[in-house]
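Visitor: Please take me through the aromatic pairs in this structure. I would like a close look at the rings, then at the strands that carry them.

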Amino acid sequence: MPENIIFPPTTVVTGASRLGINKRWGNFWSVSGAWRISSENFMQGLPWINDLKLRVSYGINGTLPSKLYSHLSLMSTGYDYQDKPGIAPGTIPNPDLAWERNKNLNVGFDTRLFERLSFSFDYYNRLTTDLLQDVPTSMTVGFTSALKNVGSMINRGVEIDISYDIFKHSAIQWTTGLALSHNKNFSR
């Protein structure tokens, strides 16, 4: 029986109090599938291919700001005036502070040949939108920066893993591996 696997889509709707009231909720989902080609009938005449599997996945996830209350208008202490305790605004409010969104695509395959050589290849493309950045502001408002969602970027690359069982059927087992990767990052 073929061992082809298709995982059902997963959806999560989540909210976070670290975000502005207008953009607090996010819908994140993923779907993935795999096809074990080596289990198909047309592959039975190729005994040197021990395993061959294709994989693909796509999903969206979110990243939160590292600070807990950067979207609120908060007051801070320690602004003394003429030896009297004082307070002043500590943050600039941003009710539209939203999730940083990551859209991930991954396509790859895994194979094992001659019961010794393993090879894995992955291509990935990650689009990040609504980047969370501290944006400089005019000092006339009393602050040097404010956390906002600005810009987008793409990470794209490949990863290759190769391993070979040098000693496999003896008291000593030895596997040597090599990992290669290439990544390109650019703004969109």
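Guide: This is a predicted model. It holds 6 aromatic pairs. Start with phenylalanine 28 and tryptophan 99. Their ring centres are 4.9 Å apart, and their planes meet at 75°. The cut-off for edge-to-face is over 60 degrees, so this pair is edge-to-face. The two rings come from distant parts of the chain, 71 residues apart. Phenylalanine 28 belongs to strand E2, residues 25-36. Tryptophan 99 lies in the loop between strand E5 (87-89) and strand E6 (100-113). Are these two residues buried or exposed? Buried means under 20% relative accessible area. Phenylalanine 28 has 10%, so it is buried. Tryptophan 99 has 6%, so it is buried too.

Now take phenylalanine 109 and phenylalanine 119. Their rings form a tilted pair, with 5.7 Å from centre to centre and 40° between the planes. This pair also links distant parts of the chain, with the two positions 10 residues apart in numbering. Phenylalanine 109 sits in strand E6. Phenylalanine 119 sits in strand E7, residues 117-129. Phenylalanine 109 has a relative accessible area of 26%, so it counts as partly exposed. Phenylalanine 119, at 25%, is partly exposed as well. Ring pairs also bring in Phe121: together Phe109, Phe119 and Phe121 make a cluster.

Next, the strands behind that cluster. E6 and E7 run antiparallel and are joined by 13 bridges. One example is glycine 108, whose bridge partner in E7 is aspartate 122. E6 also pairs with strand E3, residues 49-63. Those two strands are antiparallel, with 14 bridges between them. Here leucine 52 stands opposite threonine 111 of E6.

What joins E6 to E7? The two strands form a hairpin, with 3 residues between them. Phenylalanine 114 is in that turn. Its phi is positive, about 55°, although the residue is not a glycine. Most residues other than glycine have a negative phi. Phenylalanine 114 has 56% relative accessibility, so it counts as exposed.

Follow the chain past E7. Aspartate 130 lies in the loop between E7 and strand E8 (132-136). Aspartate 130 also has a positive phi, near 55°, and is a residue other than glycine. At 31% relative accessibility, aspartate 130 is partly exposed.

Two further places involve aromatic side chains. One pairs a ring with a charge. The charged end of lysine 184 sits over the ring of phenylalanine 186, 5.4 Å from the ring centre.

The other is on the surface. Tyr164, Ile166, Phe167, Ile172 and Trp174 form a nonpolar patch there. Together they have about 500 Å² of accessible area. Which strand gives the patch its largest share? Strand E10, residues 152-167, supplies 3 residues. Phenylalanine 167 is placed in E10. It has 40% relative accessibility, so it counts as partly exposed.

Note on methods:
Residues numbered from 1 in each chain as written. Predicted model: local features only at pLDDT ≥ 70, side-chain atom pairs only at ≥ 80, totals over all residues. Heavy atoms only, no water. Phe/Tyr/Trp six-rings, centres within 6.5 Å; stacked < 30°, edge-to-face > 60°. Helix = DSSP H or I, 4+ residues; strand = E, 2+ residues; numbered from the N terminus. Buried < 20%, exposed > 50% of the residue type's maximum accessible area, 1.4 Å probe, protein only. Lys NZ or Arg CZ within 6 Å of the ring centre and 35° of its normal. Patch = residues over 30% accessible without salt bridge, like charges linked within 9 Å, V, L, I, M, F, W, Y side chains within 5 Å. Areas by Shrake-Rupley, 256 points an atom, 1.4 Å probe, with all protein chains shown as cover. Salt bridge = Lys/Arg side-chain N within 4 Å of Asp/Glu carboxyl O. Pairing = 2+ DSSP bridges.
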